Amino acid sequence: MHPIELKKKWQLTYDELALVLGYQGDYTVRSWNTNGRHKRNPQKVVYVACRLLDEKWSAEGKRVDSYL
């Protein structure tokens, strides 16, 4: 699952998304949703983490917390 899809599905802010994925700031997370020169693509491990978070939250309910 793409991180931006997770953000939209669970109505997360960029700061919350960065927190649950283990990033210190939201710059990288925001760059996944931009176009142009500053656009980045998430690493494959981020896709896996998003899918696992989605499954966990679907089963247990959303809990925004640092999982690291």
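**Close-up views of a predicted model**

Tyr-23 has a relative accessible area of 26%, so this residue is partly exposed. The views below all come from a predicted model. Tyr-23 returns in the view of the aromatic pairs.

**View 1. Two aromatic pairs are found in the structure.** Trp-10 and Trp-57 make an edge-to-face pair. Their ring centres are 5.6 Å apart, and 80° separates the planes. This pair links distant parts of the chain. Trp-10 belongs to helix α1 and Trp-57 to helix α4 (residues 44-60), with the two positions 47 residues apart in the count along the chain. Trp-10 counts as buried because its relative accessibility is 17%, under the 20% cut-off. Trp-57 is buried too, at 2%. Tyr-23 and Trp-32 also pair. Here the ring centres lie 5.6 Å apart and the planes meet at 80°, so this pair is edge-to-face. Trp-32 is buried, with a relative accessible area of 3%. Its partner Tyr-23, at 26%, is partly exposed.

**View 2. Lys-7 is buried without a salt bridge.** Lys-7 sits in helix α1 (residues 3-10). Which side chain of opposite charge is nearest to Lys-7? It is Glu-16, 8.3 Å away. A salt bridge needs nitrogen and oxygen within 4 Å, so a distance of that kind does not qualify. Lys-7 instead lies over the face of Tyr-14, at 4.5 Å from the ring centre. Leaving aside residues up to four places away in sequence, Lys-7 touches Leu-12, Thr-13, Tyr-14 and Leu-17. Tyr-14 is itself one of the buried residues of α2.

**View 3. Gln-11 has a positive phi in the loop between α1 and α2 (14-21).** The phi value is near 55°. Gln-11 is not a glycine. Most residues other than glycine have a negative phi. Is Gln-11 buried or exposed? Its relative accessibility is 69%, so Gln-11 counts as exposed. A second positive phi comes just after α2. There Gly-22 takes a value of about 90°.

**View 4. The largest nonpolar core has 15 residues.** Leu-6, Leu-17 and Leu-21 touch the most other members. Three elements, α1, α2 and α4, each give two or more residues to this core. Helix α2 gives the most, with five residues. Nonpolar side chains in soluble globular proteins tend to be buried together. Leu-17 shows how its surroundings are built up: it touches Pro-3, Leu-6, Lys-7, Leu-12 and Val-29, not counting residues up to four places away in sequence. Lys-7, the buried lysine of View 2, is thus among the contacts of Leu-17.

**View 5. Helix α2 has several buried residues.** They are Tyr-14, Leu-17, Ala-18, Val-20 and Leu-21. What covers the buried residues of α2? The cover includes α1, α3 (27-31) and α4. Leu-17 and Leu-21 are also among the core residues that touch the most other members.

**View 6. Asp-54 and Lys-9 join helices α4 and α1.** Their side chains meet in a salt bridge, at 2.8 Å from N to O. The pair links distant parts of the chain, 45 residues apart. Asp-54 lies in α4, and Lys-9 lies in α1. Asp-54 has a relative accessible area of 12%, so this residue is buried. Lys-9, at 46%, is partly exposed. The structure has four salt bridges, and this is one of them.

**View 7. Asp-26 and Arg-30 form another salt bridge.** The closest N and O atoms are 2.7 Å apart. Asp-26 counts as buried because its relative accessibility is 19%, just inside the cut-off of under 20%. Arg-30 is partly exposed, with a relative accessible area of 41%.

**View 8. Glu-55 and Arg-51 form a salt bridge within helix α4.** The closest N and O atoms are 3.0 Å apart. The two residues are four residues apart, about one turn of the helix. Are their side chains buried, partly exposed or exposed? Glu-55 is at 43% relative accessibility, so it counts as partly exposed. Arg-51 is at 39% and also counts as partly exposed.

Notes: Residues numbered from 1 in each chain as written. Predicted model: local features only at pLDDT ≥ 70, side-chain atom pairs only at ≥ 80, totals over all residues. Heavy atoms only, no water. Buried < 20%, exposed > 50% of the residue type's maximum accessible area, 1.4 Å probe, protein only. Lys, Arg positive; Asp, Glu negative; His and termini not counted. Contact = heavy atoms within 4.5 Å. Phe/Tyr/Trp six-rings, centres within 6.5 Å; stacked < 30°, edge-to-face > 60°. Lys NZ or Arg CZ within 6 Å of the ring centre and 35° of its normal. Core = buried A, V, L, I, M, F, W, Y, C linked by side-chain atoms within 4.5 Å.
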